[in-house]
Amino acid sequence: MNIKLNNREPVYLQIVRDFKERIAIGELEPGEEIPSRRELANRMKVNPNTAQRAYKEMEEQGLIYTERNLPSKITTDQAILSRVRDELLLEAVDTFVTSVRSINVPVEELLELVREKYTGNEDKEA
Amino acid sequence: MSFTAKKGEITCLIGINGVGKTTILNAIMALTPINKGQILIDGEPLKEKTFEKITFIPDAITMLPQMTVAEAMEFMNDFYTTWNQERATELLGFFRLNQTDRISSLSKGNTAKVNLLLGLALDVDYVLMDEPFSGIDMFSREEIANVFTSHLIENRGVIITTHEVGDIEHLIDKVVLLDDGIVTKEFDAEDARENEGKSVIDVMREVYVR
């Protein structure tokens with residue numbers, strides 16, 4: 001829960017992204033209860049109104065749901081969950097492509113390098 | 001000079017020393033006479049009853065140094081009908097303070113915490129804090145910042161003054177920039193990030209450095 005907040009980006013969107021990342025890697029499971037707005041504000045050291053706004057945004061995107069007075073939970077909607085993963089992946093690739101494009105490297109060479117780095121890292125982590 | 005601070009929001013008055021931050025708070029508390037203009041609380045002009053709705057936490061503790069923390073709390077209890085002992089006890093725990101300590105023996109950070117405790121333990125709708133972060137160590141600052149994200153502040157209207165916004169950027173709703181007695185800018189911190197991609201400090205830099 002310790003994300004480094006960026007001062008120039010809306011805090012509520014940073015919180016939403018953090019949740020998406022944790023959903024994508026399976027740290028947050030479908031149907032799992034999430035902290036109250038108050039707890040989240042406290043843990044992340046953000047304004048409670050901001051936490052509220054993040055939850056509202058996530059509810060609108062269907063990432064979480066709230067029944068009556070029960071704690072909010074992560075959605076169990078498989079379509080939404082897989083969309084989260086795709087979205088994050090696409091975002092990361094976009095960022096990568098944008099920054100690498102300026103180097104003007106042939107795509108084959110780039111892909112080879114990506115393969116090498118990506119699988120190489122996996123070996124190290126394993 | 002005009003700005004609005006809403007209930008349930010933390011409004012931060014920012015300006016370098018001497019621009020009139022404390023004067024504004026004093027004026028709200030009728031501690032300083034105002035020549036013109038008006039101060040409305042819940043849409044009503046100030047009257048005696050108003051002060052049962054507001055607490056002012058000055059930048060230095062106003063209790064006698066020889067008092068213990070417990071005595072200072074008793075003193076507040078005697079003076080204010082809005083004193084909430086339960087909350088005071090909770091704050092003691094929150095700040096890890098010792099009731100039997102004398103105020104004169106406290107570190108700067110702990111003195112600031114006692115000062116906050118005495119104000120926040122009052123059941124009031126509005127809290128004014130003058131430089132709650134100034135001149136204390138970073139860990140005490142963090143503990144004090146934690147108050148802002150807790151239920152101890154929830155639903156209250158808070159006005160705080162500061163000259164260094166750095167560590168509380170994510171805690172405040174609204175920013176009022178002051179310069180020499182005038183409001184140079186009033187904005188929502190999250191809006192500035194969302195619409196302009198600017199941090200509070202970025203906006204300040206634009207306003208002050210010209």
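**Note on a predicted two-chain model**

1. In chain B, strand β1 is joined to strand β7 (residues 174-179) by 4 bridges, and the two strands run parallel. Within this pairing, Ile14(B) of β1 has Leu177(B) as its bridge partner in β7(B). Please keep in mind throughout that the model is predicted.

2. Strand β1(B) also pairs with strand β6 (residues 157-162) of chain B, again in the parallel sense, and here the pairing extends over 5 bridges. In this case the residue to look for is Leu13(B), whose bridge partner in β6(B) is Thr161(B).

3. How many of the residues of β1(B) are buried? The strand covers residues 10-14 and is mostly covered, with 5 of its 5 residues buried. In a regular strand, side chains alternate between the two faces of the sheet. When you inspect the strand, you will find that Ile10(B), Cys12(B) and Ile14(B) point one way, while Thr11(B) and Leu13(B) point the other way, and that all of them are buried.

4. A residue worth selecting in strand β7 of chain B is Val175(B). It counts as buried because 22 C-beta neighbours lie inside 10 Å of it, and the cut-off for this label is 20 or more. Leaving aside residues up to four places away in sequence, Val175(B) touches Cys12(B) and Ile14(B), and also Phe187(B), Ala189(B) and Val200(B). Of these contacts, Ala189(B) is 14 residues apart from Val175(B) along the chain, and their C-alpha atoms are separated by 6.4 Å.

5. Helix α2 of chain B, which spans residues 69-79, has Val69(B), Ala72(B), Met73(B) and Met76(B) as its buried residues. Seen down the axis of α2(B), these buried residues fall within an arc of 100°, and therefore they line one face of the helix. The elements that cover them include α3 (85-94) and α4 (108-120) of chain B.

6. Turning to chain A, there are 5 helices and 2 strands, and their order along the sequence follows the pattern α-α-α-β-β-α-α. Why is chain A described as more spread out than a compact globule? Its radius of gyration is 18 Å, whereas the globule rule gives 14 Å for 126 residues, and the value for the chain is well over that, so chain A is more spread out than a compact globule. The C-alpha atoms, taken along the principal axes, fill a box of roughly 55 × 30 × 25 Å. Buried residues make up 22% of the 126 residues in this chain.

7. Chain A is divided into domain 1, which covers 11-77, and domain 2, which covers 80-125. The centres of these two domains, taken over C-alpha atoms, are separated by 27 Å. The contact between them takes 9 residues from domain 1 and 5 residues from domain 2, and the residues on the domain 1 side divide into 4 nonpolar, 2 polar and 3 charged. In chain A as a whole, among contacts with a separation of 6 or more, 54% are accounted for by residues 24 or more positions apart.

8. Finally, the two chains should be viewed together, since their contact takes 16 residues from chain A and 21 residues from chain B. On the chain A side, α1 (11-24), α2 (37-44) and α3 (48-60) each supply at least two of the residues that touch chain B. That side of chain A divides into 7 nonpolar, 5 polar and 4 charged residues.

Technical notes: Residues are numbered from 1 along each chain as its sequence is written. Chains are lettered from A and ligands numbered from 1 in the order in which they are written. This is a predicted model: local features need pLDDT of at least 70, side-chain atom pairs count only at pLDDT 80 or more; totals for chains, interfaces and linings use all residues. Two residues are in contact if their C-beta atoms, placed from the backbone, lie within 7 Å. Ala, Val, Leu, Ile, Met, Phe, Trp, Tyr, Cys and Pro count as nonpolar, Asp, Glu, Lys and Arg as charged, and the others, Gly among them, as polar. A residue is buried if 20 or more other C-beta atoms lie within 10 Å of its own, exposed if 12 or fewer, and partly exposed in between; C-beta atoms are placed from the backbone. Two strands pair if DSSP finds at least two bridges between them. The radius of gyration is taken over C-alpha atoms; the globule rule is 2.2 Å times the number of residues to the power 0.38. Domain bounds come from an automatic or database domain assignment. The arc is that of the directions from the helix axis to the C-beta atoms.
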